[in-house]
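Here are a few exercises to work through with the model open beside you. Try each task before you read its solution.

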Amino acid sequence: MNTTALFSTQGYLYFPHFYADHELAEIESILLHFHNQWIKEHQDEYEKRLINSHSITSSSFISERERLALFQFITQAKLREVIGGIFPEKALFLNTQLFFDPYNPVQKNYWHRDIQYTGMSLAEQKESIKTQQVIHFRIPFRAEEGIELIAGTHREWDLQEEEDTRLCLNGKTPSDPLARGKQIKLNRGDLLVFSANMIHRGLYGNNRLAFDLIFCDDHPHFRSFIDSNNHPSSAEKQQLNHTDLFL
Ligand SMILES: O=C(O)CCC(=O)C(=O)O
């Protein structure tokens, strides 16, 4: 099965050793510097609950040079090739996130579909996952427990136990184990591509630090979520390949 068919069937793709160490060095140093600044600025929310920051390309914590380096990383040919295999039509860059461990070591993880936080009704969500795609490209800098996911649920709705668990119904809580869950452990240099629509949860531990690039279908619904400040300017685009990924 080629990667397009495999992704379409299971909703995720795992590429071990996708990046050589030296290919991560520059963005790792930019993101670590960003992360330290971000923690200082968001100390309260970080200590209470947060497990990720976002919108790094528009952050005042990074310089113009660093922002360009991030865009160059995002648009490099080998990643563009994977993106092309997953989005049959045009893909649009949505945003970036940086995932880390919760400050509270006993904070529980949670099964979810990202779409459950959009305000759509369950009926709308069920319809929407059949056609619309939001995809995470996870790039871990350290060996981590990774993501646990339920293959195929990017297009299919939950079993009753799964819906009860992620929606906290009928005595279930979102961190309860789910029988169909499959853990994908990750190492530095790996790439995990997974659908945000699928049932999944992040697994904490090992002081994880993972950079997520998020792409979506070019659909008016998603365009409305895009902050153009996270996209390169016309001048920046002249220094990039594959600018079709941007607005
Ligand atoms: O890694 C995590 O903690 C959660 C990841 C996740 O849910 C997501 O990227 O949508």
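**Exercise 1: Placing a serine**

S121 sits in the loop between strand 3 (91-100) and helix 6 (122-128); helices (H or I, at least four residues) and strands (E, at least two) are DSSP runs, numbered from the N terminus. Before going on, note that this is a predicted model: local features need pLDDT of at least 70, side-chain atom pairs count only at pLDDT 80 or more, and totals for chains, interfaces and linings use all residues. Residues are numbered from 1 along each chain as its sequence is written, and side-chain values use heavy atoms, with hydrogens and water left out.

Task: work out whether S121 is buried or exposed, or in between.

Solution. Start with the cut-offs: buried is under 20% relative accessible area, exposed is over 50%, and partly exposed is in between (1.4 Å probe, protein chains only). S121 has 34% relative accessibility, so it counts as partly exposed. Then look along the chain to E28, 93 residues apart from S121: their C-alpha atoms are separated by 39 Å.

**Exercise 2: A second serine**

Task: find which strand holds S53 and which residues S53 touches.

Solution. First, S53 belongs to strand 2 (residues 52-54). Next, its relative accessible area is 0%, so S53 is buried. Last, take contact as heavy atoms within 4.5 Å. Leaving out residues up to four places away in sequence, S53 touches F34, W38, T96, Q97, L98 and F100.

**Exercise 3: Cysteines**

Task: say how many disulfides the count comes to.

Solution. Recall that a disulfide is a covalent bond between the sulfur atoms of two cysteines. The rule asks for a pair of cysteine sulfur atoms within 2.5 Å, and the count comes to zero. Now check exposure: C168 is partly exposed because its relative accessibility is 47%, whereas C216, at 0%, counts as buried.

**Exercise 4: The whole chain**

Task: what radius of gyration would a compact globule with 247 residues have, and what does the chain have?

Solution. Use the globule rule, 2.2 Å times the number of residues to the power 0.38, with the radius taken over C-alpha atoms. For 247 residues that puts a compact globule near 18 Å; the chain has 18 Å, which agrees. Along the principal axes, the C-alpha atoms fill a box of roughly 55 × 40 × 35 Å. Buried residues make up 54% of the 247. Finally, of the contacts between residues at least 6 apart in sequence, 86% join residues at least 24 apart. The chain's elements are nine helices and nine strands.
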